[in-house]
Amino acid sequence: MGKKHTSTAHGTGTGTRGARTAGRRRLAVPLLALAAAGAVLLTGCGAGDGSHSSDGRKSSRHDIPLPGGPTGGGAERDQEGEQPDTPGATPSADYLSTFALDVDTASYGYARRTLASGHAPDPSTVRPEEFVNSFRQDYPRPEGNGFSVTVDGARTGDDRWSLVRVGLATRAAETESSRPPAALTFVIDISGSMAEPGRLDLARASLDVMTDRLRDDDSVALVTFSGEAQTVLPMTRLGDHRDRVHHAIDRLEPTDSTNLGAGVRTGYATAVEGLREGATNRVVLVSDALANTGDTDADSILEQISAARREHGITLFGVGVGSEYGDALMERLADKGDGHTTYVSGRDEAYSVFCDRLPQNIDLTARDAKAQVAFDPETVEQFRLIGYDNRAVADEDFRDDRVDGGEVGPGHTVTALYAVRTRPGASGHLATATVRWLDPATRAAHENSGRLEAGSLRADVWSSPPAFQVTAVAAYFADALRSGDARRSPLPGGRPLGQLASRASDLARATEDKDVAALATAIGQADDLNVCAQDCAR
């Protein structure tokens with residue numbers, strides 16, 4: 001049993017439960033499959049397709065439009081499962097939102113790179129959850145494995161719409177000396193496109209510094225791919241062999257085409273051959289993901305290495321580089337490969353990923369982590385999950401531990417933001433958020449929950465604490481960048497880009513956070529490009 005965790009004043013944790021804890025009852029719950037949208041470095045994510053939105057009844061065209069439209073579809077069926085005795089936790093299926101945890105940040109990094117070059121990002125590459133999860137949060141942390149749960153919210157001033165934030169946090173990261181050893185297989189793209197400055201040269205420099213910072217009991221293997229793939233360095237314990245690793249890195253030179261599928265297959269084969277019991281085994285793919293030869297389908301590639309993923313728990317971490325970047329392929333590989341993606345565009349970002357965050361976040365605190373938010377139909381009229389379009393989990397699969405979730409390590413936070421329209425005069429219970437995960441060592445299932453009352457909603461988003469405001473700014477910014485997608489309508493309570501940039505600048509000064517300052521710069525660049533000239537604010 002884990003220690004009971006309490007969230008902020010705006011939500012109350014209900015404690016960690018084992019998969020067969022007393023206080024649950026078996027219920028036959030009619031569930032309608034929702035299309036939903038849902039850890040950090042070196043963690044993985046389950047995936048699916050869809051978006052979460054609901055109006056609590058069959059939708060009509062007179063409802064306030066929500067991006068992606070209302071939920072629907074799927075055959076109604078009974079699902080017997082164990083449910084917590086939490087008020088509001090088992091409403092009708094139209095009020096459930098279920099997703100696999102995700103803390104990717106590649107979409108935000110690539111958008112910043114594109115805006116800095118004077119262009120607006122393709123709306124299809126903008127994933128709001130990756131914008132939101134790019135910033136530090138102040139959620140309380142648990143003492144052991146698993147998650148604390150924080151649920152809070154604030155009103156937007158737009159026709160009973162509020163933003164509701166579900167925040168999950170893992171325990172603090174351990175010191176470098178106390179983490180388990182790492183066995184890292186680097187799969188490096190050396191195709192011709194990697195010759196562009198800021199691609200292979202950046203990877204070489206970062207890997208050299210990282211090699212010096214890893215511990216003596218860590219191991220590294222190196223696989224390269226262009227037209228074909230080859231293992232240039234088998235799994236090598238660093239110890240007295242760092243010069244051998246540096247020599248292999250220094251010999252990396254760009255060649256011709258990009259057979260990414262061959263690289264991933266060879267990388268996993270090398271990782272399995274060098275598998276270390278008691279160590280954290282990872283494949284790290286460094287590429288612009290512009291696959292142009294061999295197998296270029298993510299599902300096909302991953303099916304060929306599925307045994308390594310399932311039997312040995314080897315997850316994929318994707319590092320994207322380059323001004324032209326195959327975002328969709330890299331994200332799909334990481335989603336289906338129980339992994340995570342990030343994007344680097346400069347030396348500082350690359351050093352942060354390879355030299356600081358990578359060595360410090362090798363351990364796992366949760367496997368197959370999923371979240372389910374149950375909205376109370378007595379107080380909630382409509383809701384929409386912002387982003388997580390590729391992380392959907394069927395509601396009835398929340399407690400099916402055979403269904404993939406996200407692998408999350410220590411020191412991480414996961415944030416999901418909802419637009420919620422309350423009923424007139426709503427009071428009482430608004431929502432309950434529950435996270436479920438498997439212990440990484442024992443595979444035992446645990447849950448923790450947090451609640452939000454309608455009366456706990458803050459009066460205004462922009463008078464909320466700074467971290468909440470940063471979350472809102474990031475979400476509205478992503479929404480503005482997706483305004484070119486005719487299938488979507490603006491988020492309630494949106495602001496013009498100029499106002500968002502000013503708000504981000506004020507928050508950066510108040511928090512002295514350079515990441516928030518970079519957000520302000522990116523929003524200003526989008527404003528200069530006249531992105532979302534007419535649709536950012538409703």
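The following exercises, each with a worked solution, concern helix packing, salt bridges and backbone angles in a predicted model.

Residues are numbered from 1 along each chain as its sequence is written, and side-chain values use heavy atoms, with hydrogens and water left out. In this predicted model, local features need pLDDT of at least 70 and side-chain atom pairs count only at pLDDT 80 or more, while totals for chains, interfaces and linings use all residues.

**Exercise 1. Describe how the axes of H10 and H12 are arranged, and which residues make the contact.**

Step 1. Helices (H or I, at least four residues) and strands (E, at least two) are DSSP runs, numbered from the N terminus; on this basis H10 covers residues 466-481 and H12 covers residues 514-528.

Step 2. With axes taken as lines fitted to C-alpha atoms, for helices over the stretch in contact, and angles running from 0 to 180 degrees between N-to-C directions, the two axes come within 11 Å and cross at roughly 25°.

Step 3. Angles under 35 degrees count as roughly parallel, over 145 as roughly antiparallel, 65 to 115 as roughly perpendicular and the rest as oblique; H10 and H12 are therefore roughly parallel to each other.

Step 4. The crossing of H10 and H12 is left-handed, meaning that the near helix is turned anticlockwise from the far one by less than a right angle, whereas a clockwise turn would be right-handed.

Step 5. Contact (heavy atoms within 4.5 Å) involves Val470, Val473, Ala474, Phe477 and Leu481 on H10, and Val516, Leu519, Ala522, Ile523 and Ala526 on H12.

Step 6. Ala, Val, Leu, Ile, Met, Phe, Trp, Tyr, Cys and Pro count as nonpolar, Asp, Glu, Lys and Arg as charged, and the others, Gly among them, as polar; the residues of this contact divide into ten nonpolar, no polar and no charged.

**Exercise 2. Place Leu481 in its surroundings, stating whether it is buried or exposed and what it is in contact with.**

Step 1. Leu481 belongs to helix H10, and with a relative accessible area of 4% it is buried, where buried means under 20% relative accessible area, exposed over 50%, and partly exposed in between (1.4 Å probe, protein chains only).

Step 2. Once neighbours within four places in sequence are set aside, Leu481 is in contact with Ala111, Pro121, Pro123, Val126, Phe131, Ala526 and Val531.

Step 3. The C-alpha atoms of Leu481 and Asp122 are 8.1 Å apart, although 359 residues separate the two along the chain.

**Exercise 3. Determine how many residues of H1 are buried and which elements they pack against.**

Step 1. Helix H1 spans residues 106-116, and nine of its eleven residues are buried, which leaves the helix mostly covered.

Step 2. The buried residues of H1 include Tyr108, Tyr110, Arg113 and Leu115, and the buried residues pack against helix H2 (128-132), strand S13 (340-343), H10 and H12.

Step 3. After H1 comes Gly118, whose phi is positive, near 90°.

**Exercise 4. Which parts of the chain does each of the salt bridges Asp159 to Arg421, Glu381 to Arg160 and Arg482 to Asp389 link?**

Step 1. A salt bridge is a side-chain nitrogen of Lys or Arg within 4 Å of a carboxyl oxygen of Asp or Glu, and by this rule the count comes to 29.

Step 2. In the pair Asp159 and Arg421, the closest N and O atoms are 2.6 Å apart; Asp159 is in the loop between strand S6 (148-158) and strand S7 (161-169), and Arg421 is in strand S17 (residues 413-422), 262 residues apart. Asp159 is partly exposed at 38% relative accessibility, whereas Arg421 is buried at 10%.

Step 3. Glu381 pairs with Arg160, with 3.2 Å between the closest N and O atoms; Glu381 lies in strand S15 and Arg160 in the loop between S6 and S7, so the pair ties together parts 221 residues apart in sequence.

Step 4. Arg482 and Asp389 meet at 3.1 Å, N to O; Arg482 lies in the loop between H10 and helix H11 (497-511) and Asp389 in the loop between S15 and S16, so parts 93 residues apart in sequence are tied together. Both Arg482 and Asp389 are buried.

**Exercise 5. Locate Asp368 and Arg443, and give the phi of each.**

Step 1. Most residues other than glycine have a negative phi.

Step 2. Asp368, in strand S14 (residues 366-375), has a positive phi near 45° and is buried at 11% relative accessibility.

Step 3. Arg443, in the loop between strand S18 (429-438) and strand S19 (445-453), has a positive phi near 65° and is partly exposed, with a relative accessible area of 45%.
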